[in-house]
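Trainee: Please take a close look at the surface of this model with me. I would like to see which residues are open to the outside and where they sit.

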Amino acid sequence: EVFSSIWNIPVTTTILKRTKTSKRQVTTLSRDERLQNQKGTFTVVSDVRNMHIIIIDDVTTTGATFDEARKILLKNGAQSVIAVALAH
């Protein structure tokens with residue numbers, strides 16, 4: 001909501017739905033294991049065609065979650081997808 005008011009852009013939390021429970025992304029998993037762990041995790045539940053989307057998350061390590069979300073959004077017609085993490 002803060003980003004919405006600062007940049008005067010709409011914010012929603014209902015575009016993606018987690019459809020698969022993945023293993024916890026603990027630090028013992030390698031980057032390849034994290035990427036594999038996130039495959040098929042999300043489904044797009046809203047029309048995203050031609051949208052420019054910013055995904056915001058609190059923490060990222062390998063970017064596996066961002067990568068999977070970006071792939072599914074682009075596959076469903078999003079014009080562009082940018083990921084922003086508050087901590088790395």
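Mentor: Let's begin with a term: a residue is buried at under 20% relative accessible area, exposed at over 50% and partly exposed in between, using a 1.4 Å probe and protein chains only. This is a predicted model, in which local features need pLDDT of at least 70 and side-chain atom pairs need pLDDT 80 or more, while totals for chains, interfaces and linings use all residues. Numbering starts from 1 along each chain as its sequence is written, and side-chain values use heavy atoms, without hydrogens or water.

First, the frame. The chain has three helices and four strands (DSSP runs, H or I of at least four residues for helices and E of at least two for strands, numbered from the N terminus). Read from the N terminus, the order of the elements is α-β-α-β-β-α-β. Of the 88 residues in the chain, 25% are buried.

Now to the nonpolar surface. Val2, Ile6, Trp7, Ile9, Ile54, Ile56, Ile82 and Leu86 make up a nonpolar patch (residues with over 30% relative accessible area and no salt bridge, with side chains of Val, Leu, Ile, Met, Phe, Trp or Tyr joined within 5 Å; like charges would be joined within 9 Å). Together these residues have about 770 Å² of accessible area, by the Shrake-Rupley method with a 1.4 Å probe and only the protein chains shown as cover. Two or more residues of the patch come from each of α1, β3 and β4 (80-87). The largest share is that of α1, which gives three residues. Isoleucine 9 belongs to the patch as well, and its place is in the loop between α1 and β1. With a relative accessible area of 32%, isoleucine 9 is partly exposed.

Stay in that loop for a moment. Asparagine 8 also lies between α1 and β1, and here the backbone deserves a look. The phi of asparagine 8 is near 55°, which is a positive value in a residue other than glycine. As background, most residues other than glycine have a negative phi. Asparagine 8 is exposed, at 71% relative accessible area.

A second asparagine with a positive phi is found further along the chain. Asparagine 50 has a phi near 65°, again in a residue other than glycine. This residue sits in the loop between β2 and β3, and asparagine 50 is exposed at 59% relative accessibility.

The loop between β2 (42-44) and β3 also holds valine 45. Valine 45 is partly exposed, with a relative accessible area of 47%. Its C-alpha atom is 6.6 Å from that of lysine 17, although the two residues are 28 apart along the chain.

Lysine 39 offers another pairing across the sequence. You will find lysine 39 in the loop between α2 (31-38) and β2, where it is partly exposed at 40% relative accessibility. From lysine 39 to alanine 64 there are 25 residues in sequence, and the C-alpha atoms are 8.8 Å apart in space.

That leaves the charged side chains. Side chains of opposite charge can pair when their charged atoms come close. Searching the whole structure turns up two salt bridges, each a side-chain nitrogen of Lys or Arg within 4 Å of a carboxyl oxygen of Asp or Glu.

One of them joins aspartate 47 to arginine 49, with 2.8 Å between the closest N and O atoms. Arginine 49 is exposed, and its relative accessible area is 55%.

The other pairs lysine 71 with aspartate 67, and here the closest N and O atoms are 3.3 Å apart. Both partners lie in helix α3 (residues 64-75). They are four residues apart there, about one turn of the helix. Lysine 71 is partly exposed at 42% relative accessible area, and aspartate 67 is partly exposed too, at 27%.

If you want a route for your viewer, start at the nonpolar patch with its three residues from α1. Then follow the loop between α1 and β1 through asparagine 8 and isoleucine 9. Move on to the loop between β2 and β3 for asparagine 50, and finish in α3 with lysine 71 and aspartate 67.
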